Amino acid sequence: DIDLDVLALVNDTVGTMMTCGYDDPHCEVGLIIGTGTNACYMEDMRHIDLVEGDEGRMCINTEWGAFGDDGALDDLRTEFDREIDLGSLNPGKQLFEKMISSLYLGELVRLVLLKMTKEGLLFNGKVSTALLTKGKIEMKHVCAMEKYKEGLSNTKEILTELNLFPSEEDCIAVQHVCTIISFRSANLCAAALAAILTRLRENKKLLRMRTTVGIDGGLYKFHPQYAKRLHKVVRRLVPNCDVRFVLSVRGSGTGAAMVTAVGYRLAAQRKQIDASLAPFLLSLDTLREVKDKMRTELEYGLKRETQASASVKMLPTYVCGTPDGTEKGKFLALDLGGTNFRVLLVKIRSGRRRSVQMYNKIFAIPLEIMQGTGEELFDHIVQCIADFLEYMGLKGARLPLGFTFSFPCRQASIDKGTLVGWTKGFKATDCEGEDVVDMLREAIRRRNEFDLDIVAVVNDTVGTMMTCGYEDPNCEIGLIAGTGSNVCYMEDMKNIEIVEGNEGKMCINTEWGGFGDNGCIDNIRTKYDREVDEGSLNPGKQRYEKMTSGMYLGEIVRQILIDLTKQGLLFRGQISESLRKKGIFETKFLSQIESDRLALLQVRRILQQLGLDSTCEDSIIVKEVCGAVSRRAAQLCGAGLAAIVEKKRENRGVEHLQITVGVDGTLYKLHPHFSRVLQETVKELAPQCDVTFMLSEDGSGKGAALITAVAKRLHNVGQK
């Protein structure tokens with residue numbers, strides 16, 4: 001009926017050091033010399049390879065009783081030491097302790113006296129039964145016999161009790177044996193302690209060091225000569241150390257209480273950290289609930305009467321076929337999906353030696369263009385195309401073009417796409433509600449240098465699926481897990497109510513980033529998610545994407561770090577100017593910090609590069625925060641994808657589905673754990689689906705060219 005919380009497990013040696021350290025701040029060594037022997041000391045963290053971190057110090061429990069178990073002390077061990085060891089409960093172990101501690105010294109004395117008696121050097125060669133009996137001479141007897149004044153009379157009394165009849169010469173000899181054995185114990189202990197003191201001095205890079213050793217144990221306390229001998233030998237061995245020896249009068253229990261007091265404070269901090277990160281730990285039931293809600297929203301998006309209010313828009317792409325190997329020719333591809341814009345020339349060869357060759361150039365999209373006017377944005381795009389055509393020597397060539405436009409578009413045909421709304425930091429005016437293909441054509445006309453045949457406008461997710469589909473015909477799902485997050489898949493036409501026709505399939509761009517914009521996943525959104533959303537360019541929109549994509553994960557981490565710092569749990573409670581800067585914590589830093597190959601020292605360096613002056617303890621917490629945020633992102637992505645593959649399985653009417661998912665995006669590719677956690681989640685939530693993940697090595701630009709090639713092929717077939 002007692003409620004106890006065990007906060008600390010403390011070795012008695014450590015407890016002794018802590019007890020003495022409470023009274024003397026110079027105490028940094030603990031020593032036990034009693035029934036057993038051991039030492040502890042404060043070691044620099046940078047030298048402890050077994051523990052991550054390089055700052056400050058940690059108490060090391062040496063367990064020096066085992067010194068010599070490897071044979072290092074064999075030249076010092078006597079026949080009596082070997083006999084003691086063989087008769088012990090742990091032969092071959094704790095050899096140093098068996099030469100020092102009170103548990104063994106009395107027995108060592110008995111064995112020496114027994115041999116001397118047998119050789120006729122003591123007691124007229126007469127051996128008593130008591131002298132033959134193990135354990136008959138104890139440490140208390142040795143202490144009594146070595147007392148300064150009454151030692152001789154004590155010796156006679158003890159030997160008589162052992163049924164030995166000593167002469168005065170026998171008593172003096174026995175006293176001498178006791179002195180030699182206890183003196184050797186003190187010498188060995190002093191030598192080992194001198195090694196620790198030398199290490200401490202060298203760690204501190206001092207010519208002379210002042211320190212305190214806290215000591216406990218019956219041998220040190222009660223032996224009449226032991227302490228004096230130990231002190232004398234230590235000072236001879238380390239003359240450049242001013243050593244104070246402090247006896248632990250309160251024992252090691254007080255030290256344990258002090259360690260517990262520190263542990264209690266740390267446990268309270270741990271509870272605060274756990275409370276902050278608890279909302280990011282999603283149970284299997286919660287993930288199943290997310291999967292079910294995603295499935296519901298997918299169905300709403302496909303139905304005519306609910307499509308307008310669905311948070312997952314399920315946009316038809318009018319991509320109705322995949323490559324069949326007969327596509328050939330030169331195609332131009334544009335890829336706009338973030339701060340970089342790519343222009344590609346794609347050469348497709350058909351037949352037995354079918355291949356795809358690509359030439360590309362990357363252009364930057366400055367922030368002022370991203371958030372300027374639509375006319376400025378598309379004029380900049382056309383300028384980039386003109387530079388590329390000149391670079392490739394294709395000025396004046398009229399090539400079929402596929403436009404990868406990685407933003408939500410409502411398509412009326414494969415070459416018409418009305419922008420639903422900007423994402424990923426774009427806010428160019430006069431674009432939303434407009435056909436992006438028409439805007440591109442207008443910009444080309446304004447420049448009046450070249451003309452292009454714009455065949456298809458393609459979402460990057462669809463391009464990724466087509467790129468992987470060219471290699472694997474079983475690929476019918478595309479996933480982007482990078483700056484943004486999205487999925488597309490091939491849906492049966494009969495299920496797409498907003499498009500006429502029931503035959504065949506069409507690729508659906510789900511635009512699942514908007515999942516939850518209707519509040520259906522508010523129960524798993526944290527206060528940090530809300531802060532990130534409110535500070536974004538599109539508050540209230542793309543809520544799922546803001547919990548799963550690379551553009552926002554670093555910002556979620558930053559908000560958590562600010563909160564923990566305010567609670568006094570990080571960065572000494574000081575919010576630096578760097579931490580106040582929005583966007584400082586890029587998602588690439590999460591990938592670096594969470595790398596299994598990175599030691600805490602390197603994590604700390606990354607934080608320092610960001611202007612965050614951290615301790616190693618801070619680095620541990622930051623790594624934990626990054627892990628919680630990225631793991632949740634991968635699990636949520638996995639739950640959404642599980643809903644898609646389950647839908648595909650039901651569409652096909654099979655019990656077990658085999659399908660390939662084409663994947664692109666830096667978060668999936670570069671984060672050390674994201675892909676594994678995502679795949680594990682899909683397997684857990686969709687056990688009847690055998691899902692293969694195929695990385696898109698060539699990006700979505702190649703997919704745009706392939707879609708253009710397929711569209712041209714189908715168009716030519718239609719004309720015939």
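**Domains, helix packing and selected residues**

UniProt places the feature "domain: Hexokinase N-terminal", an unreviewed entry, at residues 273-470. The model examined here is a predicted one. Over residues 273-470 the chain is 35% helix and 26% strand, and the end C-alpha atoms of this span are 48 Å apart. For "domain: Hexokinase C-terminal", also an unreviewed entry, UniProt lists residues 29-262 and 476-710. In the span 29-262, helix makes up 49% and strand 14%, while the end C-alpha atoms lie 19 Å apart.

Two helix pairs that involve helix H23 were examined. Two packed helices are described by the angle between their axes and the distance between the axes. The first pair is formed by helix H12 (residues 284-302) and helix H23 (residues 616-652), whose axes come within 8 Å and cross at roughly 55°. H12 and H23 are therefore oblique to each other. The crossing in which H12 passes H23 is right-handed. On the H12 side, the contact is made by Leu287, Val290, Lys291, Met294, Arg295, Leu298, Glu299 and Leu302. On the H23 side, the residues in this contact include Gln635, Leu636, Ala639, Gly640, Ala642 and Ala643, and Ile644, Glu646, Lys647 and Glu650 also take part.

The second pair consists of H23 and helix H25 (residues 674-685), which pack at an angle of about 40° with their axes 7 Å apart. H23 and H25 are therefore oblique to each other, and H23 passes H25 in a right-handed crossing. In H25, the residues that meet H23 are Phe674, Val677, Leu678, Thr681, Val682 and Leu685. Their partners in H23 include Ser630, Arg631, Ala633, Ala634, Gln635 and Cys637, together with Gly638, Ala639, Leu641, Ala642 and Val645. Gln635, Ala639 and Ala642 of H23 thus appear in the contact with H12 and in the contact with H25.

Tyr544 has contacts in both H12 and H23. The place of Tyr544 is in the loop between helix H17 and helix H18 (545-548). With a relative accessible area of 0%, Tyr544 is buried. When neighbours within four places in sequence are left aside, the contacts of Tyr544 are Met294, Trp512, Gly513, Phe515, Ile521, Leu636, Cys637 and Gly640. Among these, Met294 belongs to the H12 side of the contact between H12 and H23, and Leu636 and Gly640 belong to the H23 side. Tyr544 and Trp512 are 32 residues apart in sequence, and their C-alpha atoms are 7.3 Å apart in space.

Backbone geometry was considered at two residues. Most residues other than glycine have a negative phi, and most peptide bonds are trans. Glu511 is not a glycine, yet its phi is positive, at about 50°. Glu511 is found in the loop between strand E16 (505-509) and helix H17 (527-534), and at 7% relative accessibility it counts as buried. Gln94 likewise has a positive phi, near 55°, in a residue other than glycine. The position of Gln94 is in the loop between H2 and helix H3 (95-98).

Two further residues were examined in and before helix H2. Arg77 is found in the loop between strand E3 (57-61) and helix H2 (79-86). At 12% relative accessibility, Arg77 counts as buried, since the cut-off for this class is under 20% relative accessible area. Arg77 and Phe96 are 19 residues apart along the chain, and their C-alpha atoms are separated by 9.3 Å. Beyond its neighbours within four places in sequence, Arg77 is in contact with Arg82, Asp85, Leu95 and Met99.

Asp81 lies in helix H2 and, at 4% relative accessibility, counts as buried. Not counting residues up to four places away in sequence, Asp81 touches Leu76, Met99, Leu108 and Arg184. Met99 is therefore a contact of Asp81 as well as of Arg77 under the criterion of heavy atoms within 4.5 Å. The C-alpha atoms of Asp81 and Cys507, 426 residues apart along the chain, are separated by 83 Å.

The cysteines were considered last. A disulfide is a covalent bond between the sulfur atoms of two cysteines. The structure holds zero disulfides. Cys409 is in no disulfide, and the nearest cysteine sulfur, that of Cys431, is 10 Å away. This distance does not meet the criterion, because a disulfide requires cysteine sulfur atoms within 2.5 Å. Cys409 is buried, with a relative accessible area of 6%. Cys475 is also in no disulfide; the nearest cysteine sulfur belongs to Cys468 and is 5.0 Å away. Cys475 is buried, with a relative accessible area of 3%.

Terms used: Residues numbered from 1 in each chain as written. Predicted model: local features only at pLDDT ≥ 70, side-chain atom pairs only at ≥ 80, totals over all residues. Heavy atoms only, no water. Buried < 20%, exposed > 50% of the residue type's maximum accessible area, 1.4 Å probe, protein only. UniProt positions renumbered as here; feature names shortened; annotations may be inferred. Helix = DSSP H or I, 4+ residues; strand = E, 2+ residues; numbered from the N terminus. Axes fitted to C-alpha atoms, helices over the stretch in contact; angles between N-to-C directions. Parallel < 35°, antiparallel > 145°, perpendicular 65-115°, else oblique. Left-handed = near helix turned anticlockwise from the far one by under 90°.
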